[in-house]
Amino acid sequence: QEELEESGGGLVQPGGSLRLSCVTSGFNFDRSAMSWYRQSPGKERELVASISSGGGTTYADPVKGRFTISRDNAESTVFLEMNSLKPEDTAVYYCRADEPMGRYGTLPFWGRGTQVTVSS
C-alpha cells in the first residue's frame, strides 16, 4: 500500500519561511521522481518543483530562487524549503511520486496535501 503523508504547512506572514515534508512508504522511493504540486481555490493544480531519482531538480518560474526541493532516500522523504513566501503562494501543497514501471511508463501516487497560508 503506497502512502505519502505531507506535513509542515501552516499560517505564515509574507516574507516568512516554511519547510514541508512528505514521508512515503510502500513503493520504490529511491527510483522514483518526486514532486511538489499546489492548488489554490478556483485554479488548476500546478507543478511547483520536482527532483529526479538522481537528484536533478526543476522549478516553476514563480518559485525559482525562493523554494528548494530535496530528498532523503534513507528516510524515503522529500522536502520543500520555502523562503520569502508571498500571499500568492497560498495553496494546498501536494506531494507526488512517479515510480518507474519499465516499459509501462511511470505510476503516480499522491498525498492528501497540506495547507499553506501566507497572510499578515
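**Core packing and salt bridges**

Outside its own stretch of sequence, that is, leaving aside residues up to four places away, Met-82 touches Gly-16, Ser-17, Leu-18, Leu-20, Arg-66, Phe-67, Tyr-93 and Val-116. The model analysed here is predicted. Met-82 also belongs to the largest nonpolar core, which has 26 residues. Within this core, the residues that touch the most other members are Met-34, Trp-36, Leu-80, Met-82 and Tyr-93. Seven strands are listed as supplying at least two core residues each: strand 3 (18-25), strand 4 (33-39), strand 5 (46-51), strand 7 (67-72), strand 8 (77-82), strand 9 (91-100) and strand 11 (114-118). Strand 9 gives the most, with 4 residues. In soluble globular proteins, nonpolar side chains tend to be buried together.

Charged side chains were examined next. The whole structure contains 6 salt bridges. Side chains of opposite charge can pair when their charged atoms come close. One of the salt bridges joins Glu-81 to Arg-19, with 3.6 Å between the closest N and O atoms. This pair connects distant parts of the chain, since Glu-81 lies in strand 8 and Arg-19 in strand 3, 62 residues apart. Glu-81 has a relative accessible area of 28% and is therefore partly exposed, the range for that class running from 20% to 50%. Arg-19 is likewise partly exposed, with a relative accessible area of 46%.

A further salt bridge is formed by Arg-38 and Asp-89, whose closest N and O atoms are 2.9 Å apart. Here too, distant parts of the chain are linked: Arg-38 is in strand 4, whereas Asp-89 is in the loop between strand 8 and strand 9, and the two are 51 residues apart. The relative accessible area of Arg-38 is 6%, so this residue is buried, the limit being under 20%. Asp-89 is buried as well, with a relative accessible area of 1%. Arg-38 and Asp-89 are also part of one network, in which salt bridges that share partners join them with Glu-46 and Arg-66. Arg-66 is among the residues touched by Met-82.

The side chains of Arg-96 and Asp-98 likewise meet in a salt bridge, at an N to O distance of 2.8 Å. Both Arg-96 and Asp-98 are buried.

Definitions and conventions. Residues are numbered from 1 along each chain as its sequence is written. This is a predicted model: local features need pLDDT of at least 70, side-chain atom pairs count only at pLDDT 80 or more; totals for chains, interfaces and linings use all residues. Side-chain values use heavy atoms; hydrogens and water are left out. A nonpolar core is a set of buried Ala, Val, Leu, Ile, Met, Phe, Trp, Tyr and Cys residues joined through side-chain atoms within 4.5 Å. Buried means under 20% relative accessible area, exposed over 50%, partly exposed in between (1.4 Å probe, protein chains only). Contact means heavy atoms within 4.5 Å. A salt bridge is a side-chain nitrogen of Lys or Arg within 4 Å of a carboxyl oxygen of Asp or Glu.
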